Amino acid sequence: MTKIRIAIQKSGRLNEESLQILKDCGISIDNGKDQLKASSRNFPMEVFYLRNGDIPQYLRDGVVDIAIIGENVLVEKGEDISIAEKLGFSKCKVSLAVPKSFKFNSIKDFEGKRIATSYPNTVLNYLKDKGITADLHIISGSVEIAPNIGLADAICDIVSSGSTLFKNNLKEVEVMLTSEAVLAVSPKISEERRELLEKLQFRIQSVLRARG
Ligand code: PRP
Ligand code: MG
């Protein structure tokens, strides 16, 4: 039997709510802890638990058919990948922030500055649009520490509650994009699996309507 292959974040902010929405769709997943792959008992679906940043490439290659992923990750690494449904959870912003003591006037203040980020494409495109050139330091996590240790003048990262910025004495000065979890689709999905996707979408839409 053909199964639709879905990628879900292995661990992190999206993991729990991604599994919850499938559950609300009536899809039970046999979930052995530490398993990277699981199947549903009552829907033709295989679940792959993957790292966020790897998911766009898996979609592109058609190794998975669909994924629940943050829009921000698609903006950074998967602008060629289409979105079937916005899912309404894991809302966040991708923002530029500077130390509280920095007297910020306008985006032009970023000219020539060192910016630490895990979202290089997003920042570069954003600043390029504004005619600004900055010096990026690409790091994969704990970005907000960078100004405190002298690695950068500013940062670009995800802002959700704002508490990480606050704890690190930073202030948000520019929101580059807003994001939420979405259902993304591989450009290589087969006809047969597209039918399964339609069934899933039908269920997701009624769950979202019920959530209001
Ligand atoms: C994420 C993100 C921000 C923080 C934003 O980091 O990179 O640092 O959450 O959330 P907040 O506004 O609610 O504080 P995460 O904790 O996932 O760790 P990482 O950066 O080391 O990957
Ligand atoms: Mg962080």
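How do the residues of the shell around ligand 1 divide into nonpolar, polar and charged? The points below take that up after a first look at the chain.

1. **Overall build.** This is a predicted model. The protein chain holds six helices and 11 strands. Its C-alpha trace spans about 60 × 35 × 30 Å along the principal axes. The chain has 212 residues, and 34% of them count as buried. Contacts with a separation of 6 or more were also examined: 65% of these join residues 24 or more positions apart.

2. **Two domains.** Domain 1 takes in 4-90 + 181-211, while domain 2 covers 92-179. Their centres, taken over C-alpha atoms, are 29 Å apart. Six residues from domain 1 and eight residues from domain 2 make the contact. On the domain 1 side, helix H3 (residues 71-77) provides the largest share, four residues. That side divides into one nonpolar, three polar and two charged residues.

3. **Strand E1.** Start with residues 4-9, which form strand E1; six of its six residues are buried. In a regular strand the side chains alternate between the two faces of the sheet. In E1 both faces are covered. Ile4, Ile6 and Ile8 lie on one side, and Arg5, Ala7 and Gln9 on the other. Note that Arg5 is among the buried residues.

4. **Neighbours of E1.** Strand E3 (residues 45-50) runs parallel to E1, joined by six bridges. Ile6 has Val47 as its bridge partner in E3. Strand E4 (residues 66-70) also runs parallel to E1, here with two bridges. In E4, Ala67 stands opposite Ala7.

5. **Strand E11.** What about the strand at residues 181-185? E11 is mostly covered, with five of its five residues buried. Ala181, Leu183 and Val185 occupy one side. Val182 and Ala184 occupy the other. E11 pairs with E4 in the antiparallel sense over five bridges. There, Ile69 stands opposite Val182. Strand E5 (residues 82-86) is joined to E11 by four bridges, again antiparallel. Glu85 of that pair stands opposite Leu183.

6. **The largest nonpolar core.** This core has 31 residues. Ile6, Ile66, Ala67, Ile68, Ile69 and Ala184 touch the most other members. Several elements each supply at least two residues: E1, helix H1 (13-24), E3, helix H2 (55-61), E4, H3, E11 and helix H6 (191-211). E11 gives the most, five residues. Leaving aside residues up to four places away in sequence, Ile6 touches Met45, Val47, Val64, Asp65, Ile66 and Ala67. Val47 thus appears twice for Ile6, as a bridge partner and as a contact.

7. **A second core.** A separate core of 21 residues also exists. Its members include Ala97, Ala146, Ala152 and Cys156.

8. **The shell around ligand 1.** Back to the opening question. The shell divides into three nonpolar, eight polar and two charged residues. In total, 13 residues surround ligand 1. The closest are Gly141, Ile158, Ser160, Ser161 and Thr164. Strand E9 (154-159) and helix H5 (163-167) are the elements that give two or more residues to this shell. E9 gives the most, with three residues.

9. **Phe202.** Is this residue buried or exposed? Phe202 is found in helix H6. A residue with 12 or fewer other C-beta atoms within 10 Å counts as exposed. Phe202 has 10 such atoms within 10 Å, so Phe202 is exposed. Another phenylalanine, Phe102, sits 100 residues away along the chain. The C-alpha atoms of Phe202 and Phe102 are separated by 49 Å.

10. **What to look at again.** Trace E4 in the structure. E4 runs parallel to E1, and antiparallel to E11. Ile69 of E4 stands opposite Val182, and Ile69 is also one of the residues that touch the most other members of the largest core. Then turn to E9, which gives three residues to the shell around ligand 1.

Key
Residues are numbered from 1 along each chain as its sequence is written. Chains are lettered from A and ligands numbered from 1 in the order in which they are written. This is a predicted model: local features need pLDDT of at least 70, side-chain atom pairs count only at pLDDT 80 or more; totals for chains, interfaces and linings use all residues. A residue is near a molecule or strand if its C-beta atom, placed from the backbone, lies within 6 Å of it. Ala, Val, Leu, Ile, Met, Phe, Trp, Tyr, Cys and Pro count as nonpolar, Asp, Glu, Lys and Arg as charged, and the others, Gly among them, as polar. A residue is buried if 20 or more other C-beta atoms lie within 10 Å of its own, exposed if 12 or fewer, and partly exposed in between; C-beta atoms are placed from the backbone. Two residues are in contact if their C-beta atoms, placed from the backbone, lie within 7 Å. Two strands pair if DSSP finds at least two bridges between them. Domain bounds come from an automatic or database domain assignment. A nonpolar core is a set of buried Ala, Val, Leu, Ile, Met, Phe, Trp, Tyr and Cys residues joined through C-beta atoms within 7 Å.
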